[in-house]
Amino acid sequence: MGDAVIEAAALTKTFTRAGGVLRRRARTAVTAVDAVSFTVRRGEFVGYLGPNGAGKSTTIKMLTGILAASSGSLTVCGLDPSRRRTALARRIGVVFGQRTTLWWDLPLRDSLTLVRRLYRVEAAAHRTRLAELTALLELEPFLATPVRQLSLGQRMRGDLAAALLHDPELLVLDEPTIGLDVVSKATVREFLARINAERGTTILLTTHDLGDIERLCRRVMIIDHGRLAYDGGLGELRRTVGADRVLVVELDRPAPPIALDGIEAERADGPRQWLRLPPAANAAAVIAALAARYDVRDIALRETGIEDVLASLYRGDRAYGRPAPGGQRSSAE
Amino acid sequence: MGVLPWAWWFGFRRHSAYPLGALAEAVTNTAFGFMRAYVLLALWAARPALGGYDAADAVTFCFITQALIGPVQIFGGIDLTERIRTGDVAIDLHRPVGLQGWWLADDLGRAAAALLLRGGPPLLAGALVFPLTVPGPAASAAFAAAVLLAVVVGFALRYLVALSAFWVHDHRGPEAVALVLSLFFSGMILPLVVFPGALGSAAMALPWAALIQVPADVFLGRRTGAGLLGALGFQAGWALVLLGAGALLTRAARRRLVVHGG
Ligand SMILES: Nc1ncnc2c1ncn2[C@@H]1O[C@H](COP(=O)(O)OP(=O)(O)OP(=O)(O)O)[C@@H](O)[C@H]1O
Ligand SMILES: [Mg+2]
């Protein structure tokens with residue numbers, strides 16, 4: 001087990017919502033994270049997904065020692081986060097996309113200096129590292145700008161640099177691409193991919209941006225209502241939930257719903273019809289048959305994207321392919 | 001070297017980043033100083049030697065008070081409160097440094113900036129117009145120590161009020177109570193020496209006396225020798241007790257901590 005960076009077993013967090021001083025009895029308990037178990041190994045890049053309010057941020061606060069778990073056990077970099085918060089902080093980097101570690105009134109460069117002092121980075125190491133991060137994240141143009149004058153994308157890159165100056169083993173990111181434009185997103189993604197590949201930094205990423213996931217994560221964990229609902233490969237997720245392909249057929253003129261060897265149009269809109277292909281179907285054969293029997297003007301084959309898969313999982317239209325019995329732990333051992 | 005001197009330095013820079021705003025406050029404090037000075041002069045004309053002060057002492061007290069408003073932040077408040085309210089305290093808690101020590105260093109930096117930008121002007125303006133009681137070198141050195149301790153006690157009180165935001169979700173209640181106590185029992189409204197009997201003794205024993213009354217008495221040369229040590233010891237004692245309480249409350253807060261926001 002030497003290479004496990006995060007080990008969570010039956011990790012649980014319950015919040016008590018007080019009903020105010022006068023309504024003591026109106027307290028309700030919310031289990032934000034419910035007996036979640038998983039292991040993340042050194043060098044992995046894991047996407048931590050789930051609908052709003054699923055418990056992702058709460059999990060991250062426990063991982064970083066900001067919140068104490070209500071029950072269960074948790075080890076990060078070999079430490080108990082809530083007891084060894086300070087020691088752990090020196091070994092991990094965290095970015096909360098909606099907040100900033102930088103000092104609002106100071107130039108970015110000064111914030112990074114203060115971070116260097118906080119994490120006691122040697123001067124020489126700091127210089128090399130800062131130069132590296134400045135180049136990769138393209139910080140140079142705004143190093144001297146007060147943080148309050150930075151755009152969101154610039155600030156986020158500054159925050160990433162601040163989180164990585166002390167060369168942490170584990171980087172935890174809570175929505176680091178929220179609100180960024182496509183170019184900034186691409187910069188951030190490429191940067192994350194590189195530090196994962198080249199420095200071997202383990203990364204746990206929470207995001208609602210599926211581009212992030214498809215580009216970066218080999219493994220995804222999905223949490224829903226506080227429970228770990230899926231833990232496995234991204235491709236496998238598509239397959240196990242039976243992600244299917246849809247043929248969008250455009251006919252010459254409106255026609256009754258197409259029926260073809262057991263495949264029926266599930267939707268029609270004027271001359272356009274949608275046919276869902278069963279997993280075993282041969283798309284080429286179906287297209288040939290369609291062209292032979294109908295006046296087809298155009299055909300498009302659309303794969304169900306990860307977005308559709310997640311949407312239907314979150315809505316409860318589909319069951320998660322397999323429960324997560326401790327995720328990859330068993331398979332990797 | 002640890003990070004706290006840097007936190008101090010950056011606190012100083014952060015709070016001296018807008019010198020015009022600070023100077024505007026200094027001007028306001030100076031103007032109020034003159035208004036209070038004339039009220040006190042009228043009072044001392046009616047009751048000479050009230051509380052053992054002569055008229056010059058009373059006016060000097062008034063301008064010291066105005067000069068200390070900024071450094072000891074007599075009206076209360078600390079940026080930490082807002083960070084707890086919005087959940088940004090998560091960032092502070094993630095740093096490899098204790099919460100109270102970090103904020104103390106930052107606040108000492110703030111106080112140093114306030115002393116320079118907001119403390120000097122009222123005292124200078126007062127000295128130009130009125131015959132103030134001026135301390136000798138020994139009393140000046142003692143006054144510097146007393147102001148430092150006053151800032152620490154002021155911080156410790158405000159830190160405790162800020163931490164209450166972890167429990168009481170509306171932080172304005174504790175802040176309002178703290179403000180009244182701080183104005184009344186520090187000597188800000190009237191020197192504590194004019195409070196009669198038991199009220200006076202009680203006021204002199206409470207921590208707020210360490211904020212203004214004690215440094216002012218040191219400045220006026222009313223505490224010397226053993227009395228001076230007693231005065232500084234009184235401030236240091238409250239500083240230790242309150243910082244200790246802050247440490248305990250920080251730990252308690254961490255245990256039942258609710259960090260707001262996603
Ligand atoms: N401080 C708190 N007090 C009470 N309940 C809380 C608190 N923080 C979070 N919760 C509840 O815990 C649950 C999980 O919240 P969390 O912030 O972890 O969700 P999330 O997965 O990060 O969602 P999002 O995608 O919207 O950021 C929610 O039901 C939320 O209301
Ligand atoms: Mg969240």
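**Exercise 1. How far does a polar side-chain atom of Thr58(A) lie from an oxygen atom of ligand 1? Find this distance in the predicted model, and then describe the surroundings of the ligand.**

*Solution.* Begin with Thr58(A), where a polar side-chain atom lies 2.5 Å from an oxygen atom of ligand 1. Next, look for other side chains that approach an oxygen atom of the ligand: for Asn52(A) the distance from a polar side-chain atom is 2.9 Å, and for His208(A) an N or O atom of the side chain is 2.8 Å away. Then widen the view to the 16 residues around ligand 1, of which Arg17(A), Gly53(A), Lys56(A), Thr58(A) and His208(A) come nearest. Finally, note which chains take part: residues from chains A and B surround ligand 1, and the site is therefore shared between chains.

**Exercise 2. Describe the interface of chain A and chain B, starting from its extent and ending with the residues on the side of chain A.**

*Solution.* As a start, count the residues in contact, which are 27 in chain A and 26 in chain B. The area buried between these two chains is about 2800 Å², and carbon and sulfur atoms give 60% of that area. Turning to specific pairs, the rule finds two salt bridges across the interface, one of which joins the side chains of Arg99(A) and Asp88(B) at 2.9 Å, N to O. There are also eight residue pairs in polar contact between chain A and chain B, counted where both residues have pLDDT 80 or more. On the side of chain A that touches chain B, the elements that give two or more residues are helix H1 (56–63), helix H2 (85–89), strand S5 (92–96) and helix H3 (108–118). Of these, H3(A) gives the most, with four residues. Sorted by class, this side of chain A has twelve nonpolar, seven polar and eight charged residues.

**Exercise 3. Trace a salt bridge within chain A, and explain what the pair ties together.**

*Solution.* Over all chains, the count comes to 33 salt bridges. Among them is the pair Glu169(A) and Arg42(A), whose side chains meet at 3.5 Å, N to O. Now place each partner: Glu169(A) lies in the loop between helix H5 (152–164) and strand S6 (170–174), while Arg42(A) lies in the loop between strand S2 (28–41) and strand S3 (45–49), so the salt bridge ties together parts of chain A that are 127 residues apart in sequence.

**Exercise 4. Which domains does the assignment give for chain A, and how far apart are their C-alpha centres?**

*Solution.* The assignment gives domain 1, made up of 42–69 + 85–238, and domain 2, which is 244–302. The C-alpha centres of these two domains of chain A lie 44 Å apart.

Notes
Residues numbered from 1 in each chain as written. Chains lettered and ligands numbered in written order. Predicted model: local features only at pLDDT ≥ 70, side-chain atom pairs only at ≥ 80, totals over all residues. Heavy atoms only, no water. Domains from an automatic or database assignment. Contact = heavy atoms within 4.5 Å. Buried area = accessible area lost by both parts, 1.4 Å probe. Salt bridge = Lys/Arg side-chain N within 4 Å of Asp/Glu carboxyl O. Polar contact = N/O pair within 3.5 Å; in protein donor to acceptor, adjacent residues only side chain to side chain. Nonpolar A, V, L, I, M, F, W, Y, C, P; charged D, E, K, R; others polar. Near = heavy atom within 4 Å.
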